[in-house]
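Student: I should like to go through this structure and ask how each description of it is justified.

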Amino acid sequence: EAGGEFAGCVFDGSEPARLREDQSGVEVEIPPQRVAPCGCGCVPRLRAASRLARRCCDAIEGELHLKVHAGVSTSKTLSKLAGELRRPLCTLLPLVAPPLISHLPARKLLGVGYATARALS
């Protein structure tokens, strides 16, 4: 079912994002962004995916007694970023991604290692 509510938080750019740098422990604050609603139809699918992620997290915690967190978005990179925005479950709407990523250090992006981040800076 694609209708209904999101499970967990939804990062839609209406409030600041805070991401912790891996090695330095410094937090990066990203200012709120104003974005227009998306017309591609991804929001109902993201709602359904967020509820599925909630059920998976709850099942793992219930059966194995392990705390897990999940990020939901339209790509692996954005999903990993969503998982870092707020835990235990966060959905990142795709229209928020460009302004959010533009404020991030390159090292926070999936696949960007130390050498690549150094070359980009």
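Tutor: Helices and strands here are DSSP runs, numbered from the N terminus, with at least four residues for a helix and at least two for a strand. Lys67 is found in the loop between α1 and β4. Please keep in mind that this is a predicted model.

Student: What is the overall order of elements in the protein, from the N terminus on?

Tutor: The order is β-β-β-α-β-α-β-α-α, with four helices and five strands.

Student: Why is Lys67 called exposed?

Tutor: Exposed means over 50% relative accessible area. Lys67 has 72%, so Lys67 counts as exposed. The C-alpha atoms of Lys67 and Pro88 lie 8.3 Å apart, although 21 residues separate the two in sequence.

Student: What makes the pairing of Glu61 and Lys67 a salt bridge?

Tutor: The cut-off is 4 Å between a side-chain nitrogen of Lys or Arg and a carboxyl oxygen of Asp or Glu. The N to O distance for Glu61 and Lys67 is 3.1 Å, and the pair therefore qualifies. The structure holds one salt bridge. In general, side chains of opposite charge can pair when their charged atoms come close.

Student: Is Glu61 to be described as buried, partly exposed or exposed, and why?

Tutor: Partly exposed is the range between 20% and 50%. Glu61 has a relative accessible area of 33%, so the description is partly exposed.

Student: What is unusual about the phi of His65, and where does this residue lie?

Tutor: Most residues other than glycine have a negative phi. His65 is not a glycine, yet its phi is positive, about 60°. His65 is placed in the loop between α1 and β4. With 67% relative accessible area, against the cut-off of over 50%, His65 is therefore exposed.

Student: How do you know that Leu64 is exposed?

Tutor: Leu64 belongs to helix α1. Its relative accessibility is 55%, which is over 50%, so Leu64 counts as exposed. Leu64 also forms a nonpolar surface patch with Ile60 and Leu66, and together these residues have about 270 Å² of accessible area.

Student: Why is Val72 called buried, and which residues does it contact?

Tutor: Buried means under 20% relative accessible area. Val72, in strand β4, has 7% and is therefore buried. Leaving aside neighbours within four places in sequence, Val72 is in contact with residues including Leu46, Ala49, Ala53, Ala82, Leu89 and Leu92. The C-alpha atoms of Val72 and Ala82 are 6.3 Å apart, with their positions ten residues apart in sequence.

Student: What makes Leu78 buried, and what does it touch?

Tutor: Leu78 is in helix α2. Its relative accessibility is 9%, under the 20% limit, so Leu78 counts as buried. Beyond residues up to four places away in sequence, Leu78 touches Ser73, Leu92, Ala97 and Ile101. Thr91 is 13 residues from Leu78 in sequence, with a C-alpha to C-alpha distance of 9.2 Å.

Student: Which residues have the most contacts inside the largest nonpolar core, and which elements contribute to it?

Tutor: Leu92 and Leu100 have the most contacts inside this core, which has 18 residues. The elements giving two or more residues to it are α1 (42-64), β4 (70-72), α2 (76-85), β5 (89-92) and α3 (97-102). In soluble globular proteins, nonpolar side chains tend to be buried together.

Student: How do you know that Cys56 is in no disulfide?

Tutor: A disulfide requires two cysteine sulfur atoms within 2.5 Å. The structure holds zero disulfides. For Cys56, the nearest cysteine sulfur is that of Cys57, 6.9 Å away, so the requirement is not met.

Student: Are Cys56 and Cys90 buried, partly exposed or exposed, and why?

Tutor: Cys56 has a relative accessible area of 39%, between 20% and 50%, and is therefore partly exposed. Cys90 has 0%, under 20%, and is therefore buried.

Student: What share of the protein is buried, and what does the protein expose?

Tutor: Buried residues account for 32% of the 121 residues. The protein exposes about 7500 Å², of which carbon and sulfur atoms supply 55%.

Definitions and conventions: Residues numbered from 1 in each chain as written. Predicted model: local features only at pLDDT ≥ 70, side-chain atom pairs only at ≥ 80, totals over all residues. Heavy atoms only, no water. Core = buried A, V, L, I, M, F, W, Y, C linked by side-chain atoms within 4.5 Å. Buried < 20%, exposed > 50% of the residue type's maximum accessible area, 1.4 Å probe, protein only. Contact = heavy atoms within 4.5 Å. Patch = residues over 30% accessible without salt bridge, like charges linked within 9 Å, V, L, I, M, F, W, Y side chains within 5 Å. Areas by Shrake-Rupley, 256 points an atom, 1.4 Å probe, with all protein chains shown as cover.
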